[in-house]
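Got your viewer open and a selection box ready? Load the model below and follow along, one selection at a time.

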Amino acid sequence: MSEKPSMDIDSVMNMIIYLHGPDLHASVQLHWCEFRFGTAPVIANSIWIPCYPYIGKDTIFTKLNEPQKSSDIYIGRNFRAAEGGTKNTDIDYASAISFDIDVVRPKEVPATLEQVQYASSIEEQLIKQIGAGALVMSGNGYHVIVRLDHIFDVRGRREWFTDACERYCAKMQDQVCYDERKVKFDPQFDLARIIRLGGTVSFKYKESPRQTTFQIVDDRCLPVETILEYAVSPPETVF
């Protein structure tokens, strides 16, 4: 009998710190999600963890287990200005971009180990192309997360920055060789995107929960200026 997956709090902490930095004093928003209408996560509950570097991983572990234990835990990729905010207009600062490569398979059917391994090889190509990034194994595929070299203020220029991210992500995707019959890219250029928290358990398929992982592949950061090279119009507001 296989061992029941459980939370890896060290991976959880490493991913939070990778995304938002070890010295940040702000709160981090986490979401408990359910899959009510297919494969897209629906936020069922959210909490804020204040000053996470200073309250200790034991406290975070307790907080993560307070809501329903059979729900999937996600984290906002960028900083939210409003508690519970889920729209691009709730994002004040960008800290990372991300890509999602999904295994092509029938709905409600978990990916096989061979399929996940192929997806991993595509993610590694992408990280090499970008020159920075970390992997989150989501249970049925991988997310590539790439942190920016500095926190970028998007207030008053959200659409402009989102458009630049979309163009940059499309260019990076075009540089990767992959079989469209085996994997597909899910665009993740929107600022309010939530992504699975590595180190937690995926309950997307209730009968086969899976341990998720977080791994830093290339610890370098992506210069914001590299993304801005893909901007095609002036921002709404220039600070």
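Which residue stands opposite G76 in strand 9? Select G76 and look across to its partner: I194 is there. Keep in mind as you click around that this is a predicted model.

**Stop 1: the sheet around strand 3**

Stay with that pair and show both strands as cartoons. Strand 3 and strand 9 run antiparallel and are joined by three bridges. Now add strand 1 (residues 28–34), which is also antiparallel to strand 3, with four bridges between them. To see that pairing up close, pick L30 and find I75 opposite, in strand 3.

Next, bring in strand 2. Seven bridges join strand 2 to strand 1, again antiparallel, and C33 has I43 of strand 2 standing opposite. With those four strands on screen you have an open sheet in the order 2-1-3-9. The edges are strand 2 (42–49) and strand 9, each of which pairs on one side only. Turn the view and follow the twist, which averages 35° from one strand to the next.

Then select residues 9–20. This is helix 1, and it packs on the sheet, touching strand 1, strand 3 and strand 9. Its direction makes about 20° with that of strand 3.

**Stop 2: inside strand 3**

Show the side chains of strand 3. Which way do its residues point? D72, Y74 and G76 go one way, while I73 and I75 go the other. Five of the five residues are buried, so strand 3 is largely enclosed by the rest of the structure.

**Stop 3: a buried charged pair**

Keep D72 and add R196. Their side chains meet in a salt bridge, 2.5 Å from N to O. R196 sits in strand 9 (residues 194–196) and D72 in strand 3 (residues 72–76), so the pair ties together parts that are 124 residues apart in sequence. Both partners are buried.

**Stop 4: more salt bridges**

How many salt bridges are there? The count comes to nine, and two more places are worth a click.

Select R147 and D219, whose salt bridge spans 2.6 Å from N to O. This pair also links distant parts of the chain: R147 is in strand 7 (residues 141–153), and D219 is in the loop between strand 12 (213–218) and helix 6 (224–228), 72 residues away. Is each partner buried or partly exposed? R147, at 18% relative accessibility, counts as buried, whereas D219 is partly exposed at 47%.

Now go to D186 and R193, with their closest N and O atoms 3.6 Å apart. Add D190 to the selection, and you have a network of salt bridges linking D186, D190 and R193. D186 is partly exposed, with a relative accessible area of 26%.

**Stop 5: H143**

Back to strand 7, where H143 has its place. H143 is buried, at 7% relative accessible area. Expand the selection to its contacts beyond four places in sequence: among them are F99, D100, E123, Q188, I195 and R196. That last name is the salt-bridge partner of D72 from Stop 3.

**Stop 6: helix 5**

Finish with residues 158–174, which form helix 5. Its 17 residues reach 24 Å from first C-alpha to last, close to the 24 Å expected. Colour its buried residues, including W160, F161, Y168 and M172. What do the buried residues pack against? Show strand 5 (91–103), helix 4 (113–130), strand 7 and helix 6, and you have their packing partners.

Notes: Residues numbered from 1 in each chain as written. Predicted model: local features only at pLDDT ≥ 70, side-chain atom pairs only at ≥ 80, totals over all residues. Heavy atoms only, no water. Salt bridge = Lys/Arg side-chain N within 4 Å of Asp/Glu carboxyl O. Helix = DSSP H or I, 4+ residues; strand = E, 2+ residues; numbered from the N terminus. Buried < 20%, exposed > 50% of the residue type's maximum accessible area, 1.4 Å probe, protein only. Pairing = 2+ DSSP bridges. Axes fitted to C-alpha atoms, helices over the stretch in contact; angles between N-to-C directions. Contact = heavy atoms within 4.5 Å. Expected span 1.5 Å × (residues − 1).
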